[in-house]
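Student: I'm new to this one. Can we go through what the labels on it rest on?
Tutor: Sure, let's take a look.

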Amino acid sequence: SLREAGVPAGRAALEGLRKYDIGGLELSKALAGAGADDWATAPFTIRVDCTLTDDSGTQGVWLEDYVFQIVEGAMSPASVSIDTLPAGALCDISEVLTGGANSTEVSIDSVVTGGTTASATIAAGLDSDVVVTNTFELSEIDVTKVITGLGAELYGEGPFRVSLTCTREVNNETETIEIPGGATRDLRSDTLPLAYFAEYTG
């Protein structure tokens, strides 16, 4: 339909011609990976930046950041509808804050682009389905202490103890990770010659 493309106050405004066929975007967030339940706790910010090129030139028609976050076990908001975009506008959808995810992909109408940015051209009378998926992986660290030398049998029984400190980058800040099961471990040996080890998983 031919309607006025409404742009809320405080966002990029359409200048000149005011009548356009309109379409939209339906924006949502998904999580994947074995680590999502434990580590996908920070907010995610998705930026939608749209421009329109017509006889008057190229102009910005939409610029807005949308914040998603897990609240009480569910993604909030579940989705965001942007339904007053002028047909023909080119919209860049970029996740500018990934919440510390290991990887990101953007799906537009089931076409998947790896990375944090993808683009959609607005079609008249249609809403493109945009899903930004963050994957959180788990890993483990094995710590091994090997006792060698002529005095190993007499003096190398221990006890031995190690402490692990880990950090990760979350939304442009470095945070210290709370180690699952505790940061300090006693090394144990199940072998001869003595080889002490501890395992960190999470």
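**Asking what the labels mean**

Student: What makes V130 count as being in contact with residues elsewhere in the sequence?
Tutor: This is a predicted model. In it, once neighbours within four places in sequence are left aside, V130 touches L25, E26, L27, S28, I93, V106, S107 and I108. Contact needs heavy atoms within 4.5 Å, so each of those residues meets that cut-off with V130.

Student: Which residues have the most contacts inside the largest nonpolar core?
Tutor: V130 is one of them, together with L25, L27, V48, Y66, L85 and I93, in a core of 31 residues. Strand 3 gives the most to this core, with 5 residues.

Student: How do you know that strand 3 and strand 7 pair?
Tutor: Pairing takes at least two bridges, and residues 44-54 and 90-97 share 7, so strands 3 and 7 pair, in the antiparallel sense. T45, for instance, stands opposite L97 in strand 7.

Student: Why are strand 5 and strand 10 called edge strands?
Tutor: The open sheet has 5 strands in the order 5-4-3-7-10, with antiparallel pairing. Strand 5 (74-76) and strand 10 (117-121) each pair on one side only.

Student: Which side chains of strand 14 are buried?
Tutor: R168 and V170, which point to one face, while T167 and E169 point to the other and are not buried. Buried means under 20% relative accessible area, so R168 and V170 fall below that value.

Student: And what makes strand 15 a partner of strand 14?
Tutor: They share 4 bridges where at least two are needed, so they pair, again antiparallel. E169 stands opposite T174 in strand 15.

Note on methods:
Residues are numbered from 1 along each chain as its sequence is written. This is a predicted model: local features need pLDDT of at least 70, side-chain atom pairs count only at pLDDT 80 or more; totals for chains, interfaces and linings use all residues. Side-chain values use heavy atoms; hydrogens and water are left out. Buried means under 20% relative accessible area, exposed over 50%, partly exposed in between (1.4 Å probe, protein chains only). A nonpolar core is a set of buried Ala, Val, Leu, Ile, Met, Phe, Trp, Tyr and Cys residues joined through side-chain atoms within 4.5 Å.
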